[in-house]
Amino acid sequence: MNSGTPSNGMAARLAMLFYSAVSYGIFLISVVYLIGFLGRLLVPKHIDDGITLDWLLAALANIGLISLFAVQHSVMARKGFKARLTRVIPATIERSTYVLISSLILGLMFWLWQPITASVWTVDSPLARALITGLFWTGWAVVFVATLLISHFDLFGLRQAIDHLRGTAPRAQPFKTPALYKVVRHPLYLGFLIAFWATPDMTAGHLLFALAFTAYIFIGAHIEEKDLVALFGETYRRYQKEVGMVLPWRRKG
């Protein structure tokens, strides 16, 4: 396209940057709320809060909400879906749209989540509670660091809009394995697993959340790996043989 086309005019570029910034802001709000939701911290409704329904109805409703997120998150990340989506919207905001819809579905899950408050375990020791809470925050720290080690703003759609505003051609992401990526192929997922499971007060509803998202993480990682092999070929296959996918280990030699 030339600079006179609708998607390349300055007003259009600024509009796309604004859209990407708003999407990123909504994403940040959803992640902060997720931390409070699971940690039962400073949010209007946490994972064990709300009107209690029959446990079976509550479980079915919650599984439906998690399934909605899982399907959207996986389908919209596939190459074929992206190709179809960018026939409708500019490629510059494809990632931001993915991030926005994912964040809105998370918000829907927070709103409609049905608590199941039966206790699975409760840790009484103040020291043990402090250690488990520290592990919870460690998980979120791993998530944050993992995004920074690759390309945080590319991952969440801002870089694409900034590059488009500057008139810079899209940049392909090189294959790299910085820091955490040398011991686990998906440290982002590892951080989520730690955060989902590390609680001194595990209820049945929290356990359902942790189990369902653990299953989704492993399934989603396998699907994502197929795209990465297609993108990086033999380089990524060697990486798969040497480094664990979600659980950290590294094979010597």
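**Exercise 1.** Which residues does Asp-163 touch, not counting residues up to four places away in sequence?

*Solution.* The model is predicted: local features need pLDDT of at least 70, side-chain atom pairs count only at pLDDT 80 or more, and totals for chains, interfaces and linings use all residues. Residues are numbered from 1 along each chain as its sequence is written, and side-chain values use heavy atoms, with hydrogens and water left out.

Step 1. Place the residue: Asp-163 sits in helix 7, residues 158-166. Helices (H or I, at least four residues) and strands (E, at least two) are DSSP runs, numbered from the N terminus.

Step 2. Find the burial class. Asp-163 has 5% relative accessibility and therefore counts as buried. Buried means under 20% relative accessible area, exposed over 50%, and partly exposed in between (1.4 Å probe, protein chains only).

Step 3. List the contacts, a contact being heavy atoms within 4.5 Å. Asp-163 touches Thr-168 and Arg-171, with residues up to four places away in sequence not counted.

**Exercise 2.** Describe how helix 8 is packed, and classify its arrangement with helix 9.

*Solution.*

Step 1. Take the buried residues of helix 8 (residues 187-197): Pro-187, Tyr-189, Leu-190, Gly-191, Leu-193, Ala-195 and Phe-196. These buried residues pack against helix 1, helix 5 and helix 9 (204-232).

Step 2. Two packed helices are described by the angle between their axes and the distance between the axes. For helix 8 and helix 9 the angle is about 170 degrees and the axes are 9 Å apart. Axes are lines fitted to C-alpha atoms, for helices over the stretch in contact, and angles run from 0 to 180 degrees between N-to-C directions.

Step 3. Apply the classes: angles under 35 degrees count as roughly parallel, over 145 as roughly antiparallel, 65 to 115 as roughly perpendicular and the rest as oblique. Helix 8 and helix 9 are therefore roughly antiparallel to each other.

Step 4. Name the residues that meet. Helix 8 contributes Tyr-189, Phe-192, Leu-193, Phe-196 and Trp-197. On the side of helix 9, the residues include His-206, Phe-209, Phe-213, Ile-217, Ala-221 and Glu-224. By class, the contact of helix 8 with helix 9 has 13 nonpolar, two polar and one charged residues. Ala, Val, Leu, Ile, Met, Phe, Trp, Tyr, Cys and Pro count as nonpolar, Asp, Glu, Lys and Arg as charged, and the others, Gly among them, as polar.

**Exercise 3.** Is His-186 buried or exposed, and which residues does His-186 touch?

*Solution.*

Step 1. His-186 is located in the loop between helix 7 and helix 8. His-186 counts as buried because its relative accessibility is 6%.

Step 2. Not counting residues up to four places away in sequence, His-186 touches Ala-221, Glu-224, Glu-225, Leu-228, Tyr-236 and Met-245. Ala-221 and Glu-224 are also among the helix 9 residues that meet helix 8.

Step 3. For a distance, take Leu-135, 51 residues from His-186 along the chain: the C-alpha atoms are separated by 18 Å.

**Exercise 4.** Examine the end of helix 1 and the loop that follows, starting from Gly-36.

*Solution.*

Step 1. Gly-36 belongs to helix 1 and is buried, because its relative accessible area is 4%. Leaving aside neighbours within four places in sequence, Gly-36 is in contact with Leu-41, Val-43 and His-46. Gly-36 and Ile-47, 11 residues apart in sequence, lie 8.9 Å apart, C-alpha to C-alpha.

Step 2. Arg-40 is in the loop between helix 1 (10-39) and helix 2 (55-75). Its phi is near 55 degrees, a positive value in a residue other than glycine. With a relative accessible area of 36%, Arg-40 is partly exposed.

Step 3. Leu-42 lies in the loop between helix 1 and helix 2. Phi of Leu-42 is near 55 degrees, again a positive value in a residue other than glycine. Leu-42 counts as exposed because its relative accessibility is 91%.

**Exercise 5.** Where is Ala-77, and which residues does Ala-77 touch?

*Solution.*

Step 1. Ala-77 is in the loop between helix 2 and helix 3 (79-85). At 17% relative accessibility, Ala-77 counts as buried.

Step 2. Ala-77 touches Lys-82, Tyr-98 and Asp-227, not counting residues up to four places away in sequence.
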